[in-house]
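Got the viewer open? Grab the mouse and follow along, one selection at a time.

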Amino acid sequence: IVDDEPDLLEITAAYLEMEGYKPLTALNGPAALEILNSTVPDLIISDITMPGMSGFDLFGMVRSDSKFQNTPFIFLSGHTDLQHIMMGKELGSDDYIMKPYEPEMLISTIKGKLKRSRQLNDSMSQQMESMKNQLFRTISHEMRTPLTSILGAADILADGKETLSPEDF
């Protein structure tokens, strides 16, 4: 959770803890990036207007790192104007929740985003496994093809060694 309002940050973290989550908190974008240097969270929640680095800037930096490509990112902002909401959505955030928020709505949103993230990860894992199996089958087939030719030629030579003269070898 990234928010420059310490009280809101603490309250939001407490709601998540009551639901069994283990939130990591940062008061600004640079502090969040420091945390992200050592961990890949299941989900990121960020305010937009913060000193030093906006939530939009943080989002861009997070998404530019391949290890966070599938990490759901939710904006939690006091900006209720259509321009900020559209900007957040056009950037590609997974959701946009306006402050003040209903804790139940935040928790439901988090549960939904985490569920979808797990589904996508499972699907990608299955696809990767399928591609890996197909690759192994292809490589195995291609490796056997030259070997079959070599073994066939060796059998012909072995079967014909009584009838072939040394010059035929």
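Here is a short walk through a sheet and two pockets.

First, some ground rules: this is a predicted model, where local features need pLDDT of at least 70, side-chain atom pairs count only at pLDDT 80 or more, and totals for chains, interfaces and linings use all residues. Residues are numbered from 1 along each chain as its sequence is written, and side-chain values use heavy atoms, with hydrogens and water left out.

**The sheet.** Select 44-46 and 95-98: these are strands 1 and 3, which sit at the edges with a single partner strand each, so one side of each has no neighbour in the sheet. The sheet is open, with three strands in the order 1-2-3 and parallel pairing. (Strands are DSSP runs of E, at least two residues, and helices are runs of H or I, at least four, numbered from the N terminus; pairing takes at least two DSSP bridges.) Now add 73-77, strand 2, which pairs with strand 3 over four bridges. Zoom in on Ile-74 and you'll find Asp-95 of strand 3 opposite.

**The largest pocket.** Select Lys-22, Pro-23, Leu-24, Pro-41 and Leu-43, the closest to the centre among 21 lining residues. Next, show helix 2 (29-36), which gives the largest share of that lining, three residues. What classes make up the lining of the largest pocket? There are 17 nonpolar, two polar and two charged residues.

**The second largest pocket.** Go to helix 5 (103-159), the top contributor here with six residues. Lining residues include Arg-63, Asp-94, Lys-113 and Arg-116. By class, the lining splits into three nonpolar, five polar and four charged.

How values were computed
On a 1 Å grid over the protein atoms alone, a cavity is a set of points where a 1.4 Å probe fits but cannot get out, and a pocket is an open set with protein on both sides within 12 Å along at least five of seven lines; lining residues have an atom within 4 Å of a point. Ala, Val, Leu, Ile, Met, Phe, Trp, Tyr, Cys and Pro count as nonpolar, Asp, Glu, Lys and Arg as charged, and the others, Gly among them, as polar.
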